[in-house]
Amino acid sequence: MAGAKEIRSKIKSVKNTQKITRAMEKVAMSKMRKAQDRMAAARPYAEKIRRTLGHLAQANLEYKHPFTVEREVKRVAYLVVSSDRGLCGGLNMNVFRTVLREVREWRAKNVDVEFALIGNKAVSFFKRMGGKVSAMATHLGDRPHLDQLLGVIKVLTDAYRDGSIDRVFIVSNQFINTMTQKPTVQQLLPVEPVKSEGLLEHWDYLYEPASTELLDAVLMRYVESQVYQAVIENVASEQSARMVAMKSASDNAGKIINGLQLAYNKARQAGITKELAEIVGGAAAVG
Amino acid sequence: MANIHIDIVSAEGHIHSGEARMVFAPAEMGEVGIAPRHAPLLTRLKPGTVRVQPPEGEELQFFVGGGILEVQPFLVTVLADTALRAKDADEAAALAAKQAAEEKLAGAKSDIDLARAQAELIEAAARLQFVQKIKNSSRGT
């Protein structure tokens, strides 16, 4: 049995680790709440732009925007959303696994795949994996802003316009509740048609300036809002996954401490017994 | 008189929603005033002030840094931009993202910097004007 002193120092170090994980849990909890608020704050915009797009789909458009036209698929792009930091359980790995599964399916159909990455973890994963990466954005922090994402979005939409990619998907974690986050794949381009209800049948907007430019502006913003939504949802998922991971780490540390404490008590008791036996034995020899 | 419903939202938050008698917005081709039963209209906004006259009480003012205005006969939607938008600034952002992917170090081109600075200046000027207008009106009453 290890000496009592060694066990004591081990207990101390586990206790320190537990302090850290517990602090991280608390931090993640408060950050998660804020991230959830931001998620809720972004929802009205997404709803409104969806409504506008629905109206647009019903208006008599004399022009079809490339973003709404389905093409034959020769090359697809995946926008992979991940976190910047680790220690959040299997969150990022789940997303990557989903991407790899999809990639295998496309490759089986002889379709090329390229990637655009958001978050450090995706960058380091795809560096190891290989594959063509056309754009990336990292260090978004806990409150990502739309302007940090515009570059990546622009690269993808430009490539889509050129015809060098025919479909764009976004893969991110969907925040279901604190305990569950689900990796989901959404089609970003071409934009899936939105239905709307309750408007007259034959009408069109007055456009100022040209309808083509405006439609382009609305669709661009729609794509941007979808990406933004996915990114902030991923932040909320990251925080809640970290919270859960850190909670189980603290619990495990508690269990280890209990075990060590028991071992320590036994070692101490054994030491006392031994000493007593020695004293008694010594006294008997003298007497 | 009928009222018109107005929603002002930006990508990062909800700004205002309610009824109005009249709404004024800084459209790209000049300021537009929208009364109920306006014909459907879709236009871009430039940085400036959206003014809302509610059925009762004082006029409300909101600063927008550009965006999109959609008008239906009884519904006005302002999709405000939070990000600074200028074509060249977007190009610069795209370039930066590409460069990060290629892991190359290269300074942004100076004309792009200039375009971004100009866009920032226009927005800052509009913001300043808005603040001054509010100051003046509060002094007047």
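The radius of gyration used below is taken over C-alpha atoms, and the globule rule it is set against is 2.2 Å times the number of residues to the power 0.38. The model in these exercises is predicted.

**Exercise 1. Overall dimensions of chain A**

Compare the radius of gyration of chain A with that of a compact globule of 287 residues, and describe the box that its C-alpha atoms fill.

*Solution.* Begin with the reference value, which for a compact globule of 287 residues is near 19 Å, and set beside it the 29 Å of chain A. Next, turn to the principal axes, along which the C-alpha atoms of chain A fill a box of roughly 115 × 40 × 25 Å. Finally, consider burial and contacts: buried residues make up 33% of the 287 residues in chain A, and of the contacts between residues at least 6 apart in sequence, 79% join residues at least 24 apart.

**Exercise 2. Helix α3 within the fold of chain A**

Place helix α3 of chain A among the other elements, and determine which of its residues are buried and what they pack against.

*Solution.* The first step is the inventory, since chain A holds five helices and six strands, which follow one another from the N terminus as α-β-α-β-α-β-α-β-β-β-α. The second step is to look inside α3, residues 120-129 of chain A, where A:K121, A:A122 and A:V123 are buried. The third step is to find their partners: the buried residues of α3(A) pack against the strands β1 (75-81), β2 (112-118) and β3 (132-137), and also against the helix α2 (91-108), of chain A. The last step is to follow the backbone just past the end of α3(A), where A:G130 adopts a positive phi of about 85 degrees.

**Exercise 3. Domains and confidence in chain B**

Identify the two domains of chain B, describe the contact between them, and state how confident the predictor is.

*Solution.* First, divide chain B into domain 1, covering 4-80, and domain 2, covering 87-140; to their contact, domain 1 of chain B contributes six residues and domain 2 of chain B contributes seven residues. On the side of domain 1 that touches domain 2, the elements giving two or more residues are β5 (41-53) and β6 (60-72) of chain B, and the residues of that side comprise two nonpolar, four polar and no charged.

Second, consider the confidence, for which chain B has a mean pLDDT of 77, with 77% of its residues at 70 or more. Over residues 104-109 of chain B, however, the pLDDT is below 50, and this stretch has five contacts in the model beyond near neighbours in sequence. Third, for the complex, the predictor gives an ipTM of 0.73 and a pTM of 0.81.

Key: Residues are numbered from 1 along each chain as its sequence is written. Chains are lettered from A and ligands numbered from 1 in the order in which they are written. This is a predicted model: local features need pLDDT of at least 70, side-chain atom pairs count only at pLDDT 80 or more; totals for chains, interfaces and linings use all residues. pLDDT is the predictor's confidence in each residue, from 0 to 100. Domain bounds come from an automatic or database domain assignment. Helices (H or I, at least four residues) and strands (E, at least two) are DSSP runs, numbered from the N terminus. Ala, Val, Leu, Ile, Met, Phe, Trp, Tyr, Cys and Pro count as nonpolar, Asp, Glu, Lys and Arg as charged, and the others, Gly among them, as polar. A residue is buried if 20 or more other C-beta atoms lie within 10 Å of its own, exposed if 12 or fewer, and partly exposed in between; C-beta atoms are placed from the backbone.
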